[in-house]
Amino acid sequence: MNLSDFTAEASSHAAAVDRLFYVLVGLSIFISLAVFALVLLFSLRYRRGSRAKRGPMPKFIQREVEIGWTCATFVLFLFIFWWAAASQLSALTPPKNALEISVVAKQWMWKVEQPNGVREINEIHVPADKPVRLSMISQDVIHSLFLPALRIKQDVLPQRYTYLWFTARKTGTFHLTCAEFCGTEHSRMAGRIVVLPPAD
């Protein structure tokens, strides 16, 4: 396993997740630098003994500016919330022609059954550029199927089916792991997803 297993964009959903991530990181860096610059500016300008003018702030700054930046922050928050929610909600409903693969989690392995009856342990073989729907259940405790290269994760519960779908865009072998602590061998509950050209 290497870093490219986690950084590769192997699904159509991965690009949208990465875009949102980079925007949030960029926004966080910009706000942090702005706050740091203002703290530095005010600590130098209004240090003890400086000749900076002190006194009550103008009413314009007390009201209009404060209301303006509060509203701007709120609108930015709503936009980011809408963007993230729309991205996640669009990934809930799979297309009608999705390939159905059954996954059963148990301590400490993933048991997979393809539509044609072929069974695998800790491996999922899927075709590229075709929607795939995973129908998942656990035999014991809560697990969580995490496919980093596809940027998707879903809890797998006992006595209840959960579902996950994706369209793999990049062929290759990628990491598969459990992202929910499930017992002493949790760290070894890993496998791989193999994305093949449709002809294969």
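## The E1–E2 hairpin

Strands E1 and E2 form a hairpin, with two residues joining them. This model is predicted. E1 covers residues 99-106, and E2 covers residues 109-113. The two strands run antiparallel and share five bridges. Two of the pairs can be named. Lysine 106 sits opposite methionine 109 of E2. Valine 104 has lysine 111 as its bridge partner in E2.

The turn holds a cis peptide bond. That bond links glutamine 107 to tryptophan 108, with omega at about -5 degrees. Tryptophan 108 belongs to the loop between E1 and E2.

## The sheet around E1

Which strands make up the sheet that holds E1, and in what order? The order is E3-E2-E1-E5-E8, an open sheet of five strands with mixed pairing. Strand E3 (119-121) and E8 are the edge strands. Each has a single partner strand, so one side of each has no neighbour in the sheet. Neighbouring strands are turned by 25 degrees against each other on average, direction ignored.

Strands in a sheet are held in pairs by backbone hydrogen bonds, in a parallel or an antiparallel sense. E1 shows both senses here. With E2 the run is antiparallel. With strand E5 (residues 131-138) the run is parallel, over seven bridges. Valine 104 takes part on both sides: isoleucine 137 is its bridge partner in E5, and lysine 111 is its bridge partner in E2. On its other side, E5 pairs with E8 in the antiparallel sense through six bridges. There, leucine 134 stands opposite leucine 164 of E8.

## E2 and its two faces

E2 also pairs with E3. These strands run antiparallel, with three bridges. Lysine 111 stands opposite isoleucine 121 in E3. Five residues lie between the strands of the E2 and E3 hairpin, and glycine 117 in this hairpin has a positive phi near 95 degrees.

Side chains of a regular strand point alternately to one face of the sheet and the other. Which residues of E2 are on the covered face, and which on the uncovered one? Trp110 and Val112 make up the covered face. Met109, Lys111 and Glu113 make up the uncovered face.

## The second five-strand sheet

Another open sheet has five strands in the order E4-E10-E9-E6-E7, again with mixed pairing. Strand E4 (123-127) and strand E7 (152-156) are its edges, each pairing on one side only. From one strand to the next, the twist averages 20 degrees.

Strand E6 (residues 143-147) runs antiparallel to E7, and five bridges join them. In this pair, serine 144 has aspartate 155 of E7 as its bridge partner.

## Loops with positive phi

Two residues on either side of E4 deserve a look at the backbone. Asparagine 122 is in the loop between E3 and E4. Its phi is positive, about 60 degrees, although asparagine 122 is not a glycine. Aspartate 129 is in the loop between E4 and E5. Aspartate 129 also has a positive phi, near 60 degrees, and is likewise a residue other than glycine.

## The second largest pocket

The second largest pocket encloses about 450 Å³ of space. It is lined by 21 residues, and those closest to its centre are His13, Gln88, Ala91, Ile152 and Leu164. The lining is made up of eleven nonpolar, seven polar and three charged residues.

Which elements supply this lining? Helix H2 (12-45), helix H3 (59-89), E7 and strand E8 (162-167) each give at least two residues. E8 gives the largest share, with five residues. Leu164, one of the residues closest to the pocket centre, also stands opposite leucine 134 in the E5 and E8 pair.

## Cysteines

How many disulfides does the whole structure hold? The search finds zero. Cysteine 178 is in no disulfide, and its nearest cysteine sulfur, from cysteine 182, is 3.9 Å away. A disulfide needs the two sulfur atoms within 2.5 Å, so this pair does not count as one.

Is cysteine 178 buried or exposed? Cysteine 178 is buried, because its relative accessible area is 4% and the cut-off for buried is under 20%. Cysteine 71 is partly exposed, because its relative accessibility is 45% and the cut-off for exposed is over 50%.

Methods: Residues numbered from 1 in each chain as written. Predicted model: local features only at pLDDT ≥ 70, side-chain atom pairs only at ≥ 80, totals over all residues. Heavy atoms only, no water. Pairing = 2+ DSSP bridges. Helix = DSSP H or I, 4+ residues; strand = E, 2+ residues; numbered from the N terminus. Axes fitted to C-alpha atoms, helices over the stretch in contact; angles between N-to-C directions. 1 Å grid on protein atoms, 1.4 Å probe; cavity = no way out; pocket = protein on both sides within 12 Å on 5 of 7 lines; lining within 4 Å. Points joined across faces, edges and corners; volume = space filled by probe spheres on them. Nonpolar A, V, L, I, M, F, W, Y, C, P; charged D, E, K, R; others polar. Buried < 20%, exposed > 50% of the residue type's maximum accessible area, 1.4 Å probe, protein only.
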